[in-house]
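Trainee: Could you take me through one part of this model up close? I'd like to see how a single buried spot is held, and then how the rest fits around that view.

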Amino acid sequence: MLVGYSSSSDEEVENPSELTDSTGKRRTVSSSVSFEEDCHDRAENKKMRIEQQGPKTRLPVPGCLLAMFPEEEEPDNDTSLHDGRIRSFKHERGNWATYVYFPYPPDEDFMELLEELLEVAGARGVLLTQQREFHLSVSQTVVLKHHWIQPFTESLKGGLTSCKRFVCSAGSLRVYSNAERTRTFLGMEVSAGHAQLAEIMKMVDKTMIEFRLDTFYKDPSFHVSLAWCVGDFTAQLKEGLKELQGLVDHHEEGALLLTLDCRDLRCRAGNKTFSFPLQS
């Protein structure tokens, strides 16, 4: 038996079907509505319902999860917040300025001498600002990502396990500037303990190489920065260096030597400070 079929182009909806209009009510589609028209009406109604619902809002992230991954930031690039200083590198979210150093706690004699040095430099037209804190760097300032800080400090700690504490001293004034010549420094260079500092520097350099960061200078001048100013004033300070050194050499009862008990190496990353006691 042969059965005849109509072609797909002639096909119509044989039985009434229900569709939803823009008001959300059901309406009946007569058998005269074609299959293509039916599909088109359904698509238009779905689009209209989505538009009426409006955009979906995201649920807020729970505070307990945000606390698990703190993204602390350093101060911004506004020079007014940094005494007019200009960053050597642009601050970006998640970047932490990091350096390794020995701290120097100043005594009363040192602070009196520093006051005299600033006064003499000011009379020569160089207005210096004393350091907020005093230290002796054994690394350059590098940039660490936040998630690098823990493995970086662990690497430092591991490399220093065999290093012993020592004492170094400084008594000769020198003038320094940063690579960009945007800041000038008056510092006191180390005269005793250079060899021990060089060994510490090598251990720190190994960690820097591990993290593909800049190592310390090839021929380092280990020193404690005393004061600084914005701009390149190296020539003016060097002209008065002999007079300034005279204040150091003839301070009260004799030459003043700046002495550091190097028993506690530190690493500062942003606003975090890590301490690594050396063996006694």
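Mentor: Sure. Before we start, one term: two residues are in contact when they have heavy atoms within 4.5 Å. Also keep in mind that this is a predicted model.

Let's zoom in on S139, which sits in the loop between β5 (134-137) and β6 (142-145). Is S139 buried or exposed? Its relative accessible area is 5%, and the cut-off for buried is under 20%, so S139 counts as buried. Now look at what surrounds that serine. If you skip the neighbours within four places in sequence, S139 is in contact with Y99, V100, V204, M208 and F216. One of these, V100, also has a polar link to the serine: the S139 side chain reaches the backbone nitrogen of V100 at 2.8 Å.

Two names on that list, V204 and M208, take us to helix α5, which covers residues 194-210. H194 belongs to that helix too, but its setting reads differently: H194 is partly exposed, with a relative accessible area of 38%. Leaving out residues up to four places away in sequence, H194 touches P220 and F222. There's also a long-range pairing to check on your screen: H194 and C168 are 26 residues apart in sequence, yet their C-alpha atoms are 7.4 Å apart in space.

For a helix-on-helix view, go to α3 (residues 108-123) and α7 (residues 241-249). Their axes come within 10 Å and cross at roughly 160°. Angles over 145 degrees count as roughly antiparallel, so that is the label for α3 against α7. The crossing itself is right-handed. On the α3 side the contact is made by L113, E116, L117, V120 and A121, while α7 brings E243, L244, L247 and V248. Sort those residues by type and you get seven nonpolar, no polar and two charged.

Now zoom back out. The protein chain has seven helices and 12 strands, and buried residues, S139 among them, make up 37% of its 280 residues. Of the contacts with a separation of 6 or more, 73% are between residues 24 or more positions apart. So if you want one picture to keep, take S139: a serine in a loop, buried at 5% relative accessible area, with its side chain 2.8 Å from the backbone nitrogen of V100.

Notes: Residues numbered from 1 in each chain as written. Predicted model: local features only at pLDDT ≥ 70, side-chain atom pairs only at ≥ 80, totals over all residues. Heavy atoms only, no water. Axes fitted to C-alpha atoms, helices over the stretch in contact; angles between N-to-C directions. Helix = DSSP H or I, 4+ residues; strand = E, 2+ residues; numbered from the N terminus. Parallel < 35°, antiparallel > 145°, perpendicular 65-115°, else oblique. Left-handed = near helix turned anticlockwise from the far one by under 90°. Nonpolar A, V, L, I, M, F, W, Y, C, P; charged D, E, K, R; others polar. Buried < 20%, exposed > 50% of the residue type's maximum accessible area, 1.4 Å probe, protein only. Polar contact = N/O pair within 3.5 Å; in protein donor to acceptor, adjacent residues only side chain to side chain.
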